[in-house]
Amino acid sequence: MHTVETVLLVLLLGAVTGIVARYLRAIPLPLIQIGLGAALSWPQQGLHIAFDPELFLALFIPPLLFADGWRIPKREFFALYRPILTLAFGLVLFTVIGLGYLIHWMIPSMPLMVAFALAAVVSPTDAVAVSAITRNLGMPAQTMHVLEGESLLNDASGLVALKFAVAATLTGVFSWTEAANEFLWIALGGLGCGALLGWGFATLRETVTRRVGDVAATQMVLLLVLLPFAAYLLGEHIGVSGILAAVAAGITTNFADLRRGEFVAERMQTEGTWTMVESAFNGAIFLLLGLQLPSIVGRTLEAAGGHWWQPALQALGITLALLLLRWIWLLLGVRGALWRAHERGKLLEQPSPLLTLATTLAGIRGAVTLAGALSVPLLMPNGNAFPERHQLVFLATGTILFTLIIGSIGLPLVLRRLPPAGEPDSVREERQARLVACQAAIAAIGDVSAGSSERQAPLQEALGRVTQDYRKRMDLLEEPHLAITPEAQADSPESVRQRRLRYVVELELRLKALHAERDALYGERQAHRINDASLRALVAELDMNEVSLGKRLDVARHAAGLEPVKKHQGH
């Protein structure tokens, strides 16, 4: 099959499985995609794609890690830096050493340095898999931030450890001092390279868009999509971590975005573009993993002869040992940092045995593990085969599957037993921010002057309507026993609820009217009374209005004690 056809088919299947997952909610999307990929490639005449690990790392990983770095809440990321760094670097070293010796003991035929290479391959967690499994399961928000931060950074530490283990196998020489120095250069150099590139892009974008405005929004979004590839390739070219460069570029770019509140078109295009890129690339990663699965399993089982159960049990044993080491590290190395963060108010959830267990089960492996395993060279310098390479690849793949399955089954069971955390800080902060915004809006329109006597009456009428609308929104955001106006201070909770119910009904009517507007516009286009350009412009206005109304309706229904509106698209 030609490369273009393969890419199009993988993207098509990624979209289809995303739709199927909406109906099979009990099965995580990554498992559906891996299963479909395996089914397509299992027959002899099935779909077989040559897997190039370097191309895979360069094409799929940078944009996803860039997007994670761009989206992750920076305040929480830096507030929780101690547990994040302890997991991202300390746990990787602990895993490589502990699991490496255990693998060598379990499989004596595997040399110690190859066992260390396998341990390094399975040490990084996968940001894509973790978010795919934990989404909508109720993982506490700040614990999720720790997991996201860990998976953003431990790819680099795991791949660096793999590099040294492979080099030691090839040359027979290893130096802890040289390894530590090179690791610092690779990690800090990658972060610095990505931060500089992100800052340079932000400066260039600021210069251009301040001059031409949103006219160049599409071009700037395209350059933003190319930025993670540039960061990764530049980092690899100068010998530092391209993965960390992509992450740092995403974080730096997000900081620059905080000064760009007025560029609405660019922001909306950016959000839509990254949503599509993440969905397409996530699906492609797990489908490609599934497509490789039958050939990896087949080679290993063929080498094992009739003892097919042995490599399967070895993969399960490595997975359980990996999770055990993670649990031990969380108890011994991270629990203290989490307690201190909790006492300082930086971590809302109190560390507990159940939360530690959930964090352990969330250590899911994914695409980077597979790419790292397949990047192990085929031959030694003397022309002999690399020791136990096929077994290394199989065990790494088995670890991915077992962690996905264990996480998919175990996480929902554990998370259901966690005590309710109450209203998160982010919800309270968002409500307060909405109140401040409404107060600022009322103050701003109160200073508007008519300019002429002819405009005085219309202005006062409009001011009354707009101010009343804002006061209704503020009423929803206040606690039931608080009042917005002096005359409402004596209102009973029931009268407050009735007032809020009336506002819910009003918003529902506005939303229904908006849907009717959109249907009428499409009818006008079908009757050829307007063209496509006019339709797109008018519908875009309605879409933005619907997003605003939908958010306000959710807040209003919550304040009135009603269930939120079910959305067909889901998340």
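What follows is a walk through the fold, its nonpolar cores, one helix pair and a couple of enclosed spots. The model is a predicted one, and everything below should be read as a description of that prediction.

To start with the overall picture, the protein chain is built with 21 helices and zero strands. Of its 571 residues, 46% count as buried. The accessible surface adds up to about 29000 Å², and carbon and sulfur atoms account for 64% of that. Contacts also reach across the sequence: taking those between residues at least 6 apart, 79% link residues at least 24 apart.

Next come the cores. In soluble globular proteins, nonpolar side chains tend to be buried together. Here, the largest nonpolar core holds 58 residues. Within it, the residues with the most contacts are Leu 99, Ile 103, Met 110, Leu 118, Met 139, Leu 395 and Leu 411. The top contributor to this core is helix α17, spanning residues 389-417, which supplies ten residues. There is also a second core, separate from that one, with 56 residues. Its members include Ile 72, Tyr 232, Val 240 and Leu 330.

Leu 330 turns up again in the surroundings of Thr 360, a residue of helix α15 (residues 353-361). Leaving aside residues up to four places away in sequence, Thr 360 touches Leu 323, Arg 326, Trp 327 and Leu 330. Thr 360 has a relative accessibility of just 3%, and because the cut-off for buried is under 20%, it counts as buried.

A whole helix can be tucked away too. Helix α4 (residues 61-71) has nine of its eleven residues buried, so it is largely enclosed by the rest of the structure. The buried set runs from Ile 61, Pro 62 and Pro 63 through Leu 64, Leu 65, Phe 66 and Ala 67, and also takes in Gly 69 and Trp 70.

Finally, there is the helix pair. Two packed helices are described by the angle between their axes and the distance between the axes. For helix α9 (residues 141-171) and helix α10 (residues 176-212), the angle is about 140° and the axes lie 11 Å apart. Since only angles over 145 degrees count as roughly antiparallel, α9 is oblique to α10. On the α9 side, the contact is made by Ser 157, Val 160, Lys 163 and Phe 164. Helix α10 meets them with Glu 178, Ala 179, Glu 182, Phe 183 and Ile 186. The crossing of α9 past α10 is right-handed.

Key
Residues are numbered from 1 along each chain as its sequence is written. This is a predicted model: local features need pLDDT of at least 70, side-chain atom pairs count only at pLDDT 80 or more; totals for chains, interfaces and linings use all residues. Side-chain values use heavy atoms; hydrogens and water are left out. Helices (H or I, at least four residues) and strands (E, at least two) are DSSP runs, numbered from the N terminus. Buried means under 20% relative accessible area, exposed over 50%, partly exposed in between (1.4 Å probe, protein chains only). Contact means heavy atoms within 4.5 Å. Accessible areas come from the Shrake-Rupley method with a 1.4 Å probe; for residues, only the protein chains shown count as cover. A nonpolar core is a set of buried Ala, Val, Leu, Ile, Met, Phe, Trp, Tyr and Cys residues joined through side-chain atoms within 4.5 Å. Axes are lines fitted to C-alpha atoms, for helices over the stretch in contact, and angles run from 0 to 180 degrees between N-to-C directions. Angles under 35 degrees count as roughly parallel, over 145 as roughly antiparallel, 65 to 115 as roughly perpendicular and the rest as oblique. A crossing is left-handed if the near helix is turned anticlockwise from the far one by less than a right angle, and right-handed if clockwise.
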